[in-house]
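Trainee: I have a model open and want to learn how to read its pockets. Where do I begin?

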Amino acid sequence: MYFTGIIIAVSTFVIIGVFHPIVIKTEYHFGTRPWWLFLILGIACVALSICVEHVIASSLLGVTGASLLWSIGELFEQKKRVEKGWFPKKPKP
């Protein structure tokens, strides 16, 4: 039996699930300023996924890269959600 598909599917689910709170915490503590970090890391992961021969590792690097790039848009959407009052705003010091 081959478990490659199941491993990639479960790992993808976990990676996407991990990025949800990362986006929320990043926006809370730093605002949208670190969007460029998501861009650089996302491009790096996608580029690495092209260079890695192992199917599972390559797939997970691609999924992580795509999640990082998707998180840029979510970071700005999170800012809008905070402005609407759906999420708490960080108090001014």
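Mentor: Begin with the chemistry of a lining. This is a predicted model. In the second largest pocket, the lining residues split into six nonpolar, four polar and two charged.

Trainee: Which residues line the second largest pocket?

Mentor: Ile16, Phe19, His20, Val23 and Ile24 are among them. So are Ala66, Ser67, Trp70, Ser71, Glu74, Gln78 and Arg81.

Trainee: Which element gives the largest share of that lining?

Mentor: H3 does, with seven residues. H1 and H3 each supply at least two.

Trainee: How is empty space found in general, and what is the volume of this pocket?

Mentor: The general idea is a rolling probe. A probe the size of a water molecule is rolled over the atoms, and this shows where empty space remains. Here, the second largest pocket has a volume of about 190 Å³.

Trainee: How much space lies in the largest pocket?

Mentor: About 270 Å³. The largest pocket is lined by 13 residues, and Glu27, Tyr28, Val82, Lys89 and Lys90 are the closest to its centre. Two helices give two or more residues each to this lining: H1, spanning 4–30, and H3, spanning 55–83.

Trainee: Which element gives the most to the lining of the largest pocket?

Mentor: H1, with four residues.

Trainee: And how do the lining residues of the largest pocket divide by chemistry?

Mentor: Six are charged, five are nonpolar and two are polar. Set that beside the second largest pocket, with its six nonpolar, four polar and two charged residues.

Note on methods. Residues are numbered from 1 along each chain as its sequence is written. This is a predicted model: local features need pLDDT of at least 70, side-chain atom pairs count only at pLDDT 80 or more; totals for chains, interfaces and linings use all residues. Side-chain values use heavy atoms; hydrogens and water are left out. On a 1 Å grid over the protein atoms alone, a cavity is a set of points where a 1.4 Å probe fits but cannot get out, and a pocket is an open set with protein on both sides within 12 Å along at least five of seven lines; lining residues have an atom within 4 Å of a point. Grid points are joined across faces, edges and corners, and a volume is the space filled by probe spheres set on the points. Ala, Val, Leu, Ile, Met, Phe, Trp, Tyr, Cys and Pro count as nonpolar, Asp, Glu, Lys and Arg as charged, and the others, Gly among them, as polar.
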